[in-house]
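Below are some questions on how the terms used for this model are justified. Each reply sets a value against its definition.

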Number of protein chains: 2
Amino acid sequence: MPVGLAEPEALLAVPGVLSATARAGIRQRGRDDVALITCDAGTRAAAVFTRNRFSAAPVVLAREHLAQASPRALVVNSGCANAGTGRAGYMDAVAICKAAAARLRVQFHEVLPFSTGVIGSRLPVEKVSAAVAECVDGLNENGWLAAARAIMTTDTLAKGCSRTVIAGGDQVTITGIAKGSGMIRPDLATMLAFVATDAKLAPDYVDRSLRQAVDLSFNRITVDGDTSTNDACVLLATGRAGEAEIGPGSVQGEAFQQGLDAVMQELAQAIVRDAEGATKFVTIEVSGANTAEDAAEVAFTVAHSPLVKTALFASDANWGRILAAVGRAPVQQLDIDRVGLRINGQAVLVQGQPAPDYTEAAGVAAMAPAEIHIDIDLAIGDRSATVWTSDLSFDYVRINAEYRT
Amino acid sequence: MPVGLAEPEALLAVPGVLSATARAGIRQRGRDDVALITCDAGTRAAAVFTRNRFSAAPVVLAREHLAQASPRALVVNSGCANAGTGRAGYMDAVAICKAAAARLRVQFHEVLPFSTGVIGSRLPVEKVSAAVAECVDGLNENGWLAAARAIMTTDTLAKGCSRTVIAGGDQVTITGIAKGSGMIRPDLATMLAFVATDAKLAPDYVDRSLRQAVDLSFNRITVDGDTSTNDACVLLATGRAGEAEIGPGSVQGEAFQQGLDAVMQELAQAIVRDAEGATKFVTIEVSGANTAEDAAEVAFTVAHSPLVKTALFASDANWGRILAAVGRAPVQQLDIDRVGLRINGQAVLVQGQPAPDYTEAAGVAAMAPAEIHIDIDLAIGDRSATVWTSDLSFDYVRINAEYRT
């Protein structure tokens, strides 16, 4: 059961972007597993990919294509990651891009491939190509929610988000979809996210705005510390809204960036809310650090601790495990005798020791809700960082022990 | 159920070392929870402690005492870690050392305190002191197994090991006990280990031999990546065997070191075999690395991956998860297209791709045993490292979600 998350009721169309889905029957029967997203000529695009050195074939090919041209189409399949498939898997991705390009009458390298699912299996190229052909016939402006559903793997809900912002007098739409619920950690995850906007972004701003938003969203979530082989996040900007270009640092740029950050944070948090086996949605906010990097290191060390995560699952205010994780975080400076800890507003530790008014009953009450806010104040500086994570439950083990069977 | 582990039938007495146990009723009812180990005047000692900055009170005090004198007595309790207890907890440890010193007629700073168990609870000083007094009356040469039992927390079996080696014509005995089964990771763990020998070690060799043995044993195991606040490993050398001092680099030193390494590796592996919820004992051997550090980084990244660990629990030869973990290991040099992988001798990957003769059935067969050997060949250098770990099971979650309740 996802924590405080429902499917979006509707996602706003983005002028210049079309999508459609179809059923290739790769792994999941009974639902669409291929999505096609296309965009107008002249669309500006940026993407970030997994830093895992074991990149899947589609990631390798998408990187190559993106270096040559701005994309006109994204082909996404779930059910098979096309990773660990060697040269043959790379040629499978090539074949699918070629099939899509022929149908869409665009260049081969204007198609970016994305795959998510089981590692080590080959893609059924014929079936996927046929599904892509079917998608071409069904392209429409209102296919976002269907696309969000088609790219799901162990996700229990489709994830999407739309915002409109006023930038320079023009209304701009930002719509994004994402998938992912395990193998999630900073530097992306088993996570695919596709965000489109009709904003007319300056050429040098597309990549920059994407990277800033990713840094505050997808790079701030973790479920199990595992980085996947297939992570990708793409931003498409069709430029159909307004005449003036939006650049970084301007008032319009600020407005757009806020909207983009909000969409990406909502998508990132949705992934954690739907994390495999999650029963808690946990915000870990570390303040009082000397550097933002140290704050993030402490937050991630706490977020990755299996002992903290099982205590969260048990709604057990076992603050010793939190403090032990803080104590082993790989940071330069840390004075354990200054550390303050609050859980959902309840003071637990003051200067490294139990707060005077803290009681076990108060701890139990603080840990009861499904939404947990852990505030850790290192009290040695003025920098902070926030990370979102989930708990470690029986269902996490069940889902990952049964995934292939 | 521990994996391939039974309680030792008997542990050899070490001339010059006595021990006894008693019941303070700290947390576990119905069994002894305090152990006292004493050694002759003139014993040379060394110890290594947790690197967690959040050190428990007994660790702080033991470090201080060890800097002042060689110890005459170790007081160990289970059931309460005396961690996160601030100044009051430190004074509790002081009180217990004072009580032991008075009874044993040794100096206060010749007593080292050790605690393991729940973080954040105060020690019942009166009860522990009374149990220590009882121990003093019962000191004997053959109390090792009882001591191993008294220091257990979530351990399901007592852990101990004895070896005799011939060093310089003299027979030397090495006996060790250890506890620990969760919060285990390199740089020690929720782990206490006490090793004694009658070898006459040169003064500068006691610490050196201990550190070498720890580096190849307790620093090579991981259960959940969590470093505890209370880890300690102590070596006592009474010098009662033989006349000549044993120093590093000598033939006698080599013989002794081999024996010490073997005892400590057996204890370390016993901790993993009895890891919380373990159903598999997993050896991860990484070879072909440029440096031993890189080899260890890769091995630990694989060993810590929750996805690899749940696949091990499921006996699922999900090699994609192993390769994905290798791909994200924080090492300088790695060529994923050269990586070879064998599971229990079965070739799975050759040069980053499925081995020609690999089948799913062969993978299933390779993963079936409780003892799993994962060989990862990076094929870019000639350095290697071996790490021991366990799987991630429902019982790991259950044990850690229920620990305090």
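**Two copies and their terms**

Chain A can be laid on chain B by a turn of 180° and a shift of 0.0 Å along the axis, with an RMSD of 0.0 Å. This is a predicted model, in which local features need pLDDT of at least 70, side-chain atom pairs count only at pLDDT 80 or more, and totals for chains, interfaces and linings use all residues. Residues are numbered from 1 along each chain as its sequence is written, and chains are lettered from A and ligands numbered from 1 in the order in which they are written.

Q: Why are the two copies said to be related as by a two-fold rotation axis?
A: Copies are superposed by least squares on the C-alpha atoms of residues with pLDDT of at least 70 in both. The turn is 180° and the shift along the axis 0.0 Å, so the two copies are related as by a two-fold rotation axis. In chain A, the C-alpha nearest the axis belongs to F394(A), 2.8 Å from it. The same surface serves both copies, since 100% of the contact residues of chain A recur in chain B.

Q: What makes residues of chain A and chain B count as in contact?
A: Their C-beta atoms, placed from the backbone, must lie within 7 Å. By that rule 44 residues of chain A are in contact with 44 residues of chain B. On the side of chain A that touches chain B, the elements giving two or more residues are α8 (306-313), α9 (319-328), β14 (353-354) and α11 (394-402) of chain A. Of these, α9(A) gives the most, with eight residues. Helices (H or I, at least four residues) and strands (E, at least two) are DSSP runs, numbered from the N terminus.

Q: How do you know which residues on the side of chain A that touches chain B are nonpolar, polar or charged?
A: Ala, Val, Leu, Ile, Met, Phe, Trp, Tyr, Cys and Pro count as nonpolar, Asp, Glu, Lys and Arg as charged, and the others, Gly among them, as polar. That side divides into 20 nonpolar, 17 polar and seven charged residues.

Q: Why is strand β4 of chain A called largely enclosed?
A: A residue is buried if 20 or more other C-beta atoms lie within 10 Å of its own, exposed if 12 or fewer, and partly exposed in between, with C-beta atoms placed from the backbone. Eight of the eight residues of β4 (residues 73-80) of chain A are buried, so the strand is largely enclosed by the rest of the structure.

Q: What makes β2 and β4 of chain A a pair?
A: Two strands pair if DSSP finds at least two bridges between them. Five bridges join β2 (residues 34-39) of chain A to β4(A), and the two run antiparallel. V34(A) stands opposite N77(A) in β4(A).

Q: Why are β3 and β6 of chain B called edge strands?
A: Five strands of chain B form an open sheet of mixed pairing, in the order β3-β10-β8-β7-β6. β3 (44-49) and β6 (159-167) of chain B each pair on one side only. The twist averages 15° from one strand to the next; axes are lines fitted to C-alpha atoms, for helices over the stretch in contact, and angles run from 0 to 180 degrees between N-to-C directions.

Q: How do you know that β6(B) and β7 of chain B pair?
A: Nine bridges join β6(B) to β7 (residues 170-179) of chain B in the antiparallel sense, and the rule asks for at least two. I166(B) has Q171(B) in β7(B) as its bridge partner.

Methods:
Two residues are in contact if their C-beta atoms, placed from the backbone, lie within 7 Å.
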